[in-house]
Every structure is written in structure tokens, then in C-alpha cells.
Amino acid sequence: MTVHISQADAASLATATAAEIAAAVASGAVTARAVIEATLARIAAVDPKVNAFTDVTADRARASADRIDARRAAGAPLGPLAGAPFAVKNLFDVRGLPTRAGSKINRDLSPADGDATLIAKLEAADAVLVGALNMGEYAYDFTGENVHDGASRNPHDLARMTGGSSGGSGAAVAAGLVPIALGSDTNGSIRVPSSLCGTFGLKPTYGRLTRGGSFPFVTALDHLGPLGRSVADLAAFYDAMQGEDARDPGQTPRPFEPVSGLIGQGADGLRIAIAGGWFRARALPEAFAAVDLVAASLGVSAVVDIPDAARARASAFIITAAEGASLHASRLAARGDDFDPAVRDRLLAGLAIPASWVDAAQRFRRHFRGEMLKLFQTCDVLLAPATPCRAPKLGQKTFVLDGEEMLVRPNMGLFTQPISFIGLPVVAVPVRVDVGEAPELPLAVQVIAPPWREDLALRVAATLEQAGVAAAPVASL
């Protein structure tokens, strides 16, 4: 439903999409400065409850908004995201702030002297940065519980987790603080918070969007992408962030391939299947019910198995632990006591992984990718759960899946890790199903596409959104 924004109705910004805000600013129905003042006021009022922000860049946001308003008053054209507020996970460089990456150690660094490339691209499209967001330490996290800045809290139930490691990003969108936020995804860190907080999320193809000016975790697996309130917003921000960047040598050179004009084409004619095997085991009933709801809405009944998904997940664990440990070896030696003890222990364990294991995992990665590409010769899109359950409670250590007590933190990525392991593009689609505990809480379904076909995943997500099956409502706070 379209939200009508006017100068006198800035309160509606809490539920407006970025596209609606940009249209209102471009038309003169509201000034960019009024949008930003309303956004900052809501952050001040609501964020103490959810703890999404670690830094609010109020002066910078006001100055950006004033420049947009001045250009509009002079009759100059505005960018497609004019006046839309956004925030970023605090592993993105933000000029004037230390890039904390969720850690105690990094906040002692000198402030960044420039912005991450994706921030610069979004500001070139006239979006307005309003701050940096809470995250799991060094992105090695699936819960959103940061021991240095405090846990980010799920806006739909403040006693529950946001998921991680982009927990502040999920919380900020779900709480109506910003319509869109940037996160990172190594093993599921966009899709897990999207599921637990009930937002749309896009993990692009590995190598599609530059990581220039962001603090790394696992270079072989790191992706950056948006979490948002609507599919159209994901598409618009994704389009604005495309483009080659010499700062990221791991980026794959690709032409500009906009998707915003494609998402309205619908899902008709697409060969869609449900991921079976590993993706139909070890989850609570609500996770499977969410996939079944989406499949029924799309008229999908075909099920395909993804052989070796369990091995793919195990290989992702090996590469993550080994590469993450190598990155942090000097910090572990010099300031081991300043790590979250749980993160420190996982990194220390990573230092002991034999190089032969890592080599084997990388070889298997190439094999698994080849097998998945063969599968996509017979289908265009796959459906799978995003998380095995709804949001656990803060501090919860275990849950029972398929009759077995399992640890929460590593197993929130049961279904996301095999997909990011080979860099496939995925849209997390938030749904609600009347199954299981706390049915008022959301969870998400992964819409998975072949490499470089973000448009296909977004088309399916937009179809579900249009049908009312998928939605990302703002929590009542």
C-alpha cells in the first residue's frame, strides 16, 4: 500500500519505502531535510529499545539533505534515491568514524578518511547516510549479540535475537528507523537477520558488488548487500551500487545490468523448484511451512535434491575458520583478551586447521559449484528455508531440531551456508505462517537463482510481495 508523505505528515516515514520517500522529495511534497529530521527523531526515540545504531551521523545527514533541497530549489535534477535515509553495518568505512567491525580492538583505529565505495555510490544517487549499525564481532556471528556494544534486539519481540552478523541492519529496518540498510553476508549474515527480523534481503552473486572500503572477514566468501522494506527498494539500491571498483580485486568485471525495470515481469514461465534433501531436514515445522506457503502461492510442486549440501556446509566452516583466523592472527597474539571470548576461541581453533583441509574444501567448492550449475540447466529458481526456526530468545544457547539438541549460534546458518559457499544470488523473502511457537514472528524463505541472475530472484520475490504472501511490516514500538 502506498504511503502518502507530506510536509505535515513526517510520521508516515516510519513505514514508507525508500522509493516513496524519493518520489515525495522529488515532487516537493516533503523536503529532504524534513525527512532526515523525522528519521533522526525516530532513531532517538526508538533505538534505545532495539540497539541497532552504534553511530548516528546527524550533522552529515542534515548537510546532505540541505544540498539535495538546494539543488531541487535550483531546478537541478535529483538522483533516483533522493532523500532516502540509509544506514550501514559498522564494518563499512564511514568518513570520520573508526571502522569498528563490531570489535573492541578496531575502535582504537584512526577514523576513516573516506567512505566505502558503496556508500559513495548511494550518495551519488542522493540517498542520505544516517549512521553505522551494530553487528557481531568481526562478522563471526549468527545471533546479533555483541559483547562490546550490547545485543541488537528484535523489534518484533525485544526479548529475542535479531540474528547476525548484520543484526543492527535487520533491526533498523524492522523498527522503521531506515527503509534500507547495508549488511554483509559471508555464511548467511544478511539472510539470517532478514528472516528473524522480517525484512527483505538481497545477497548478490559473489563478486558482483564491490567490497572496497569494508573490513573483511573471509575474502573468499564475503558479500555485501541491502536489507529493506520492499523488493523495489532492494532493486533500486542494488542498481545504484553496481559498477567496477579497483579497490576490490575480488570483484568480477560485469556490465551494468539494472533490475528495477524487470521485477514487475512476474514469475510466469520461470521453472521454480523446492530444494529437497538437506533443505527439508533438521528444522522446526514453521520453516518448512513457510517454504510450502511460498511454493503453493507460486503453483510449485517440483522438488529437486542438492547432493552434497551437507559437505558444502562443512567445507564453508573450514574455509571460514581458517581464513578468518589468518586475518586475525596478529590481533589474537597482541590483544587476545579484547576479543569476545567465544569469537576468540573459534578463531584460535581456526589456526589449527591443516592446510590440506582448506585445499580440499576449496577443491570441493569448485566441484559443488559445477554441480549446481548443471542443476540450473533444468530450473531457474530454487526455494529453501532461510533459517531453521523463528528468532530464539536472547541468551538462548541450544534448540532441538529433528529430535536433537543443537547449538543455536552455528546452526542458524544450516540452510544459508551451502548457498553462499558458491556465491549464488539470493533474496530472503519474509513470511508469516500460523505454525509452531510464536506465530506472530516472521521468518524467511530463500529465493535462489543462478550466478548473475539477481533479476530472477527479485522477480519471484516481487510476485510474492504483490500477492501479499511476503511482507516486511514495521514493528509496533
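**Exercise 1. Classify Asp66 and Arg33 by accessibility, then describe their contact.**

Step 1. Asp66 has a relative accessible area of 36%, so Asp66 is partly exposed. The scale is this: buried means under 20% relative accessible area, exposed over 50%, partly exposed in between (1.4 Å probe, protein chains only). Arg33, at 29%, is also partly exposed.

A note on the source: this is a predicted model, where local features need pLDDT of at least 70, side-chain atom pairs count only at pLDDT 80 or more, and totals for chains, interfaces and linings use all residues. Residues are numbered from 1 along each chain as its sequence is written, and side-chain values use heavy atoms, with hydrogens and water left out.

Step 2. The side chains of Asp66 and Arg33 form a salt bridge, 2.8 Å from N to O. The term means a side-chain nitrogen of Lys or Arg within 4 Å of a carboxyl oxygen of Asp or Glu.

Step 3. Now place the partners. Asp66 sits in helix H3 (residues 58–73) and Arg33 in helix H2 (residues 32–50), so the pair links distant parts of the chain, 33 residues apart. Helices (H or I, at least four residues) and strands (E, at least two) are DSSP runs, numbered from the N terminus.

Step 4. Widen the view. Arg33, Glu37, Asp59, Arg62 and Asp66 are linked in a network of salt bridges. The whole structure holds 27 salt bridges.

**Exercise 2. Decide whether the partners Asp115 and Arg60 are buried or exposed.**

Step 1. Find the contact. Asp115 and Arg60 form a salt bridge, with their closest N and O atoms 2.7 Å apart.

Step 2. Locate both ends. Asp115 is in the loop between E2 and helix H4 (117–124), while Arg60 is in helix H3, so the pair ties together parts that are 55 residues apart in sequence.

Step 3. Read the areas. Asp115 has a relative accessible area of 12% and is buried. Arg60 is buried too, at 14%.

**Exercise 3. Find which sides of helix H11 are buried and exposed.**

Step 1. Check the length. H11 (residues 355–375) has 21 residues and reaches 30 Å from its first C-alpha to its last, close to the 30 Å expected at 1.5 Å a residue. The expected span is 1.5 Å times one less than the number of residues.

Step 2. List the buried residues. They are Val358, Ala361, Phe364, Arg365, Phe368, Met372 and Leu375. They cover an arc of only 125° around the axis, which puts them on the same side of H11. The arc is that of the directions from the helix axis to the C-beta atoms.

Step 3. Turn to the opposite face. Ala355, Arg366 and Lys374 are the exposed residues there.

Step 4. Name the neighbours. The buried residues pack against strand E8 (303–304), helix H9 (309–335), strand E9 (381–385) and helix H13 (417–420). Contact means heavy atoms within 4.5 Å.

**Exercise 4. Trace the sheet and find its edge strands.**

Step 1. Follow the order. Eleven strands form an open sheet, E1-E3-E2-E4-E6-E5-E12-E13-E9-E7-E8, with mixed pairing. Two strands pair if DSSP finds at least two bridges between them.

Step 2. Take the edges. Strand E1 (53–56) and E8 each pair on one side only.

Step 3. Look at one pair. Strands E5 (residues 200–203) and E12 (residues 426–431) run antiparallel, joined by three bridges. Lys203 stands opposite Val426 in E12.
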